[in-house]
Amino acid sequence: MRPFFPKHVEHEEAPFELTGGLPPPRRDGGGEPPDDFESEFDDEMPEERRPRTNRLRWAMRGLGVVIVLFVLAVGWLAVTAPLSKSLQPPTPPSVTLLAEDGTPIARRGAIIDKPVDAAKLPKHVTDAFLAIEDRRFRSHWGVDPRGILRAMVHNVGRGGVREGGSTITQQLAKNAFLDSDRTAARKIREVMIAFWLEAWLSKDQILSRYLSNVYFGDNVYGLRAASKHYFNREPENMTTGQAAMLAGLVKAPSRLAPTGNLKGARDRQKLVVAAMADAGFITKAEAADVAPARLVTNSIKPLPDGTYFADWVLPDARDRAGEIVTETTVRTTLDRRLQRAAEKAVKRAGLRTAQVAIVAMRPDGRVVAMVGGKDYAASSFNRATQARRQPGSAFKLFVYLAALRSGMTPDSTIEDEPATIGNWSPKNSDGRYAGTITLRQAFAKSSNVAAARLIYKVGPAAVIKAARDLGISTPIPNEATIALGTSTVSLLELTAAYAAIAGEHYPVHPHGLEEEPAERHWYDALASREKSLSDSERDQMRDLLAASAETGTGRSAALSIKTYGKTGTTQDSRDALFVGFAQDLVVGVWIGNDDNTPNPGLSGGGIPARVWRDFMMQALGVGAAEVPEAEPEAVDPDAIDTGDNSVLPIGGDLEGLGMRLHIGRDGSISLDGEPREDRRRPPPEDPPPDEQ
């Protein structure tokens, strides 16, 4: 470039003086000024004619630095992250679970299998993962800017980190090579490894390695292990619905594992199928034909050192530990003494074919003992956490809480008489009706018709809200029949609802690990803040529960200390429960058949109440209460139904034909006040069956 001289400056005059020891320009006009040459007239030069040599040189230097750094990074990756590592399944992690006192209680390892070849899998299998995890997988270079931008927009709109923008390549980089920390440095390494993988591997190779490493819940790693674990078939033989369900688990495998949350897994399956149709992988007609995947878990072999509690807590323990590559220990809330007491209570119950489940927790939700069946070796299915059964009258907790919230009290009255609500005519299971009684008496005797009248008065919505407030998450139909416990729930969740009455806050979240403060967005923390029952609601609800456990249908569970609880028996005695608390221990007991067949004579006030009492006596070191005489029912003689009701009420007078017949509280019968000893009978040894 030749020096530029303004026209108004004469050539024979030196236009400026060079400094810094640089040689002057040649007077013959030849040559170029040095690179750092600057004229005091540059500001007057046109924009397009300014020298750009300096900028270009710095750009070239920067490019050179980037190339050098890239070469060094590739060399570092070649040494620290060999490609062969991305093909290997994760090192089978070993997690040792510790009891509350630090004693080891169980050890677990991962379930893995042979890697898969994405090129040999059916197209609908790979498409399911691409549709929900990375639709542009075939076109991007390891990082998807559009996906990152979309995730940022969604997260900002929802007030927290709800969606990630990582590609399948990035997820492979994280799972196979990196630890679980969330620092910016790890994210940068993840991106670098993603570019490196894209440079050295084909798309099918990357997808194969990803599918062979990803976690699917239930301590299962890799697509082949997951397809066998959940469906008992090879991944090459999976249906579209099965592939969609597994693809949906990747987002939250511990929470969505279908063995513990089949509804959640099927909801995610629907979302994946819709994504496949939206991406053009299948047609809308094909999507509509995809049926919910059915589990085939009979081939799952239980671990010899397994326990129901360990199976339940392990996913959370693994999440707490992060990506495990070596042995780690996690402390749980299990109390070994209470666990032994629960197992002994089950053995002493003398059950034959019926199954049993027990959950014991503190009022804050810490689970201290759990029994999911009579024999873990025979069946690892956890009936305390995985089974969804009708709670029967144990659900009346929410009916009466709604009534108390509406302004009623335990001394308010209700009619214990047959009623018809629409096409529904509930009846008391024992065929006895006591006329006008208090809520306390109705709850103690577990009157079905009283509960039906209450839900008609307060409305099903108020009862559903009470159940939701106390932590019931399973579907509850908006109909009056829920008053008798027709919707299903797990024993764990139902026991946690009773813990809300025993404690100070609701909802109670049952957990098997000591809780750690979670890093949550302020909006999430505000939305999930615990609430408290009013003093009057809590005290009145305890009043009702004490009446049921000490003088009502649950009196076989009564202890020598203050006892609170409620029985529950479903139609045809298919399920029987007792849930209650004493001191700082909340316990739920369920008994029934796995195939939901009837158990003639079984009721919540019978075996479940006695198993509950047996366990509590050992756990708390107390004795059993002397079984009190049932509270007499107030009966209006004029209201006695002498038609279909063939059982006379306990206590009362009958007049007719010029005579007066008196029925005493102990079951004795007298004519004109004179007792007839030959007609006297003792009270029944066991309480009558509970209601539906």
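Okay, a definition to start: when I say helix, I mean a DSSP run of H or I with at least four residues, numbered from the N terminus. With that in hand, aspartate 469 is found in helix 17, which covers residues 460–469. And before I go on, what we're looking at is a predicted model.

Let's stay with that aspartate for a moment. Is aspartate 469 buried or exposed? Its relative accessibility is 14%, and buried means under 20%, so aspartate 469 counts as buried. Which residues does aspartate 469 touch, leaving out those up to four places away in sequence? They're Arg405, Tyr506 and Pro507. There's also phenylalanine 398, which sits 71 residues from aspartate 469 along the chain, with 9.5 Å between the two C-alpha atoms.

Now let's zoom out. The protein chain has 21 helices and 14 strands. Of its 692 residues, 46% are buried. If you take the contacts with a separation of 6 or more, 69% of them are between residues 24 or more positions apart.

Next, the sheet. It's an open one, with 5 strands in the order 5-4-10-9-8 and antiparallel pairing. Strand 5, residues 367–371, and strand 8, residues 564–569, are at the edges; each has a single partner strand, so one side of each has no neighbour in the sheet. On average, neighbouring strands here are turned by 5° against each other, if you ignore direction.

Looking inside the sheet, strand 4 is residues 355–361 and strand 10 is residues 585–592, and these two antiparallel strands are joined by 7 bridges. To pick out one pairing, alanine 360 has valine 587 in strand 10 as its bridge partner.

What about helices lying across those strands? Helix 13, residues 336–348, lies across strands 4, 5 and 10, and runs at about 25° to strand 5. Then there's helix 21, residues 607–620, which lies across strands 4, 8, 9 and 10, and runs at about 145° to strand 10.

Last topic: cavities. How many cavities of 30 Å³ or more are there? The count comes to 4. The one I'd like to show you is the second largest, with about 70 Å³ of space in it. Its lining includes Arg383, Ala387, Arg389 and Gln390, then Val489, Ser490, Leu491 and Leu494, and finally Leu577 and Trp590. By type, the lining divides into 6 nonpolar, 2 polar and 2 charged residues.

That's my tour, so over to you for questions.

Definitions and conventions
Residues are numbered from 1 along each chain as its sequence is written. This is a predicted model: local features need pLDDT of at least 70, side-chain atom pairs count only at pLDDT 80 or more; totals for chains, interfaces and linings use all residues. Side-chain values use heavy atoms; hydrogens and water are left out. On a 1 Å grid over the protein atoms alone, a cavity is a set of points where a 1.4 Å probe fits but cannot get out, and a pocket is an open set with protein on both sides within 12 Å along at least five of seven lines; lining residues have an atom within 4 Å of a point. Grid points are joined across faces, edges and corners, and a volume is the space filled by probe spheres set on the points. Ala, Val, Leu, Ile, Met, Phe, Trp, Tyr, Cys and Pro count as nonpolar, Asp, Glu, Lys and Arg as charged, and the others, Gly among them, as polar. Two strands pair if DSSP finds at least two bridges between them. Axes are lines fitted to C-alpha atoms, for helices over the stretch in contact, and angles run from 0 to 180 degrees between N-to-C directions. Contact means heavy atoms within 4.5 Å. Buried means under 20% relative accessible area, exposed over 50%, partly exposed in between (1.4 Å probe, protein chains only).
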